[in-house]
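Visitor: I am new to this one and would like to be walked through it. May I ask questions as they come to me?
Guide: Please do; the entry is shown here.

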Amino acid sequence: MIFAIEEINKNPALLPSVSLGYRIYDDCSSPTIATKAALALINGKGQFMDEECKQQPLVSALIGGGSSSESIAVTRLTGPFRIPLVSYFSTCACLSNKDNFPTFYRTIPSDYHQSKFLAHIVKKFGWTWIGTVRVNNDYGNFGTQAFVETVEKLGVCIAFSESFYRTDPRDKVMEIVEVIKKSSTKVVVAFSSTREMRILFKELLHQNVTDIQWIGSEAWVTADLLTQEENAKILTGTIGSAIRRSEIPGLRDFLLQVKPFLVPGDVLVKEFWETAFQCSLISEDAGNRVNDSTEMRRCTGNERLEELQNAYSDVDIDGSTYNVYKAVYALAHAFHNMFACKNGKGPFVNNTCVNISSFEPWQVLRYMQTVNFRTKNGDNVYFDEKGDPVAAYDLVNWQINSKGVAQIQTIGYYDGSAPPGREVVLNGRSITWRGGQSEVPVAVCAESCPFGTRKLIRKGQPICCFDCTPCSEGEVSNTTDSTDCVKCPAEYWPNVSRDKCVPKEIEFLSYTEILGIVLATLALFGVCMAVATLIVFIRYKDTPIVKANNSELSFLLLFAIVLCFLCSLTFIGQPSLWSCILGRIAFGITFVLSISCILVKTMIVLFVFKAKVPNNSMLKYFGATQQRLSIFVLTFVQGIISVLWLVIAPPFPMKNTRYYKDIIILECNVGSITAFYLVSAYIGTLSCICFILAFLARKLPDNFNEAKFITFSMLTFCAVWIAFIPAYVSSPGKYTTASEVFAILTSNFGLLLCIFVPKCYIVLLKPENNTKKFLMGKEPSKRV
């Protein structure tokens with residue numbers, strides 16, 4: 001401070017013809033003493049005054065205090081006098097409140113930025129479960145509060161939060177050490193001062209607790225708290241924010257020129273000199289010499305400061321010293337701007353300026369907001385609307401050098417003026433962690449939940465303490481520590497690890513799989529059999545057995561059977577609109593055509609063999625025309641139902657996701673359920689009538705066998721479709737379609753085998769039985 005004032009007084013460009021004066025008081029890091037010192041400065045007295053203060057304050061501005069508590073106490077006292085207070089080390093964010101502290105300014109950043117900086121560091125290294133220790137004063141309480149509020153927004157939880165003050169008994173410190181030892185986290189953030197941290201570290205060393213990863217605030221992280229050996233043991237790996245270090249040109253030479261005899265009676269120089277050189281400056285004739293001073297070596301006053309190896313001789317000045325330098329210059333520039341005012345352009349009543357020989361502190365305060373200058377180091381100094389400077393920090397790390405000594409290394413920085421998201425920069429230097437390790441310590445209450453799982457908060461514990469549970473069926477998560485799983489779209493399903501939705505497997509009865517190939521082969525084989533039978537019947541159409549079976553009805557029935565076999569092929573392959581419509585409609589009409597032919601054949605058999613007299617008149621009314629008309633009418637009814645089906649709601653292809661959760665079944669939806677039931681009921685009704693009539697004619701002459709074969713065929717037909725119902729309902733996926741195709745093929749083979757194969761057997765292998773007498777039962781069967 002003295003160096004800066006003398007430098008300003010020698011500068012003709014700054015405050016020309018004006019010299020700055022000063023008076024320094026030690027606040028002893030006590031708000032009470034700081035308040036007394038401020039009153040003494042205001043009143044111009046060395047001690048606290050009891051009488052009423054009526055005179056003008058003898059000081060125009062104050063620099064201090066050393067910590068937030070002192071600054072809060074002083075500014076509350078001096079605020080009514082509108083005396084500006086510029087602090088170089090008070091970081092409490094609460095001091096940015098201009099409603100409560102309108103006269104306060106500072107050259108050190110607010111803890112708001114430091115909290116943001118430290119929170120970013122904690123988040124960057126993946127620490128979500130940390131502890132905090134703070135000094136129990138305004139600096140520690142408000143700083144920790146701001147930090148906790150910031151990190152909690154980032155998902156970080158506080159495992160413990162302890163506070164103490166240097167005057168607390170040792171038991172209090174021991175309790176904090178016990179909490180640190182028992183905690184599940186070994187990463188601790190400390191908002192404290194050097195005195196408190198020295199006490200805490202001493203106790204930690206006493207109990208051999210050296211495995212803590214410390215994150216420090218600017219107040220202590222760069223301080224030389226312990227001996228070199230103790231620093232290396234407990235501070236190695238510590239990281240934290242530090243005020244930007246900077247060299248002040250000329251300060252080193254100024255400090256090295258200090259001599260006790262140049263400033264006689266200066267208690268600050270005397271105390272420093274005796275401490276630095278471990279000697280006594282007390283003269284021999286001093287009557288109040290302290291008893292133990294005789295035991296110390298006497299100082300000559302000519303000891304060489306150049307030989308000191310401590311912070312005093314360090315060229316790279318620490319941040320707090322540089323902030324004192326900037327605080328003095330900030331006030332000097334405020335005075336300069338105030339004195340440079342031109343009459344008629346001033347900020348006061350009637351645009352007046354201040355009288356240089358008589359001005360008030362509140363007038364100086366008016367000019368504090370105009371301060372904007374550049375230091376010799378190139379740093380811009382100005383205050384925002386809260387009285388704060390632009391925030392800038394170094395990120396430092398305690399590392400062991402080649403000599404085995406713990407020293408501070410800068411590993412990054414924080415720039416509050418940078419765009420959002422770019423404030424923090426790590427310079428790539430390797431970081432040393434607790435105990436000299438190279439791996440980042442782990443500080444989590446629970447391990448991160450991998451993909452495919454979600455967090456399940458443990459009841460009664462912070463949100464950072466959780467268990468991982470797999471995503472529910474049909475849900476996925478593709479982020480670490482996901483709080484919720486996302487449901488897959490309707491046509492997607494989670495993969496095995498449940499971290500990605502993949503298209504569901506498509507299932508339908510395909511021509512390329514074994515089941516589809518077998519069914520298609522059977523259908524084509526049935527077509528070949530029906531065609532072969534048709535050829536045989538055409539070839540032997542003039543033989544008695546073909547004539548007796550009404551060749552026209554037989555040809556039509558074989559044609560219907562061929563269509564039924566072909567119809568089954570439409571059920572195989574990927575469903576489409578035309579295959580769904582053709583399959584259902586063709587199936588209904590061709591089956592009715594088949595049953596109609598069989599029904600007419602059955603009725604003819606009954607009319608022939610139940611007639612009491614030959615040439616019964618019933619046959620006259622049921623000739624070929626009536627037979628064709630009957631088949632047409634019966635089939636036409638089914639056709640009308642099918643047309644209505646197509647008009648109301650035709651069958652259509654659909655994706656069935658109800659049966660399987662991970663498989664899409666491609667199938668045909670019947671459309672109108674009513675139409676489907678009518679078609680099916682109509683087929684069932686004709687089949688039952690045909691079966692009943694055939695059953696009544698089952699005992700006709702043995703050599704003919706027509707009614708018996710029809711009975712067997714219809715019995716097979718009905719049995720197949722009755723068995724089909726439970727199989728259709730219980731078969732999963734493509735097997736539902738397969739069971740339907742199998743029922744169509746089986747019933748068709750039943751008709752073909754029961755009705756036509758016996759006749760082909762006689763025609764081809766027993767031609768001797770292919771006679772009218774044999775068919776009428778008048779000739780016994782000839783056996784070979």
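Visitor: Is glutamate 667 buried or exposed, and how far away is the nearest side chain of opposite charge?
Guide: This is a predicted model, and in it glutamate 667 is buried. The nearest side chain of opposite charge belongs to arginine 658, 5.2 Å away, and glutamate 667 has no salt bridge. A salt bridge would need a side-chain nitrogen of Lys or Arg within 4 Å of a carboxyl oxygen, so 5.2 Å does not qualify.

Visitor: Which side chain does glutamate 667 have a polar contact with, then?
Guide: The partner is asparagine 656, and the polar contact between the two side chains is 2.9 Å.

Visitor: Where does glutamate 667 sit, and what else is it in contact with?
Guide: Glutamate 667 belongs to strand E24, which covers residues 663-669. Neighbours within four places in sequence aside, its contacts are Pro575, Phe652, Pro653, Met654 and Asn656.

Visitor: Changing topic: in what order do strands E1, E2 and E3 lie in their sheet?
Guide: The order is E1-E2-E3, in an open sheet of three strands with parallel pairing. E1 (62-63) and E3 (104-106) are at the edges; each has a single partner strand, so one side of each has no neighbour in the sheet.

Visitor: Which helix packs on that sheet?
Guide: Helix H3, residues 68-78, packs there and touches E1, E2 and E3. The direction of H3 makes about 170° with that of E2.

Visitor: And how many bridges link E2 and E3?
Guide: Three bridges link E3 with E2 (residues 85-87), in the parallel sense. Leucine 85 stands opposite phenylalanine 104 in E3.

Visitor: What about helix H12: how many of its residues are buried?
Guide: Six of the eight residues of H12 (361-368) are buried, which leaves the helix mostly covered. The buried ones are Pro361, Gln363, Val364, Leu365, Tyr367 and Met368. Their cover includes E2, E3 and helix H11 (319-339).

Visitor: Why does valine 647 count as exposed?
Guide: Valine 647 counts as exposed because its relative accessibility is 63%, and the cut-off is over 50%. Valine 647 lies in helix H18, residues 624-648. Its C-alpha is 9.7 Å from that of serine 672, with the two positions 25 residues apart in sequence numbering.

Visitor: Lastly, how many helices and strands does the protein chain have?
Guide: There are 22 helices and 24 strands. The protein chain has 784 residues, of which 48% count as buried.

Technical notes: Residues are numbered from 1 along each chain as its sequence is written. This is a predicted model: local features need pLDDT of at least 70, side-chain atom pairs count only at pLDDT 80 or more; totals for chains, interfaces and linings use all residues. Side-chain values use heavy atoms; hydrogens and water are left out. Helices (H or I, at least four residues) and strands (E, at least two) are DSSP runs, numbered from the N terminus. Buried means under 20% relative accessible area, exposed over 50%, partly exposed in between (1.4 Å probe, protein chains only). Lys and Arg count as positive and Asp and Glu as negative; His and the chain ends are not counted. A polar contact is a pair of N or O atoms within 3.5 Å; within protein, one must be able to donate a hydrogen and the other to accept it, and residues adjacent in sequence count only if both atoms are side-chain atoms. Contact means heavy atoms within 4.5 Å. Two strands pair if DSSP finds at least two bridges between them. Axes are lines fitted to C-alpha atoms, for helices over the stretch in contact, and angles run from 0 to 180 degrees between N-to-C directions.
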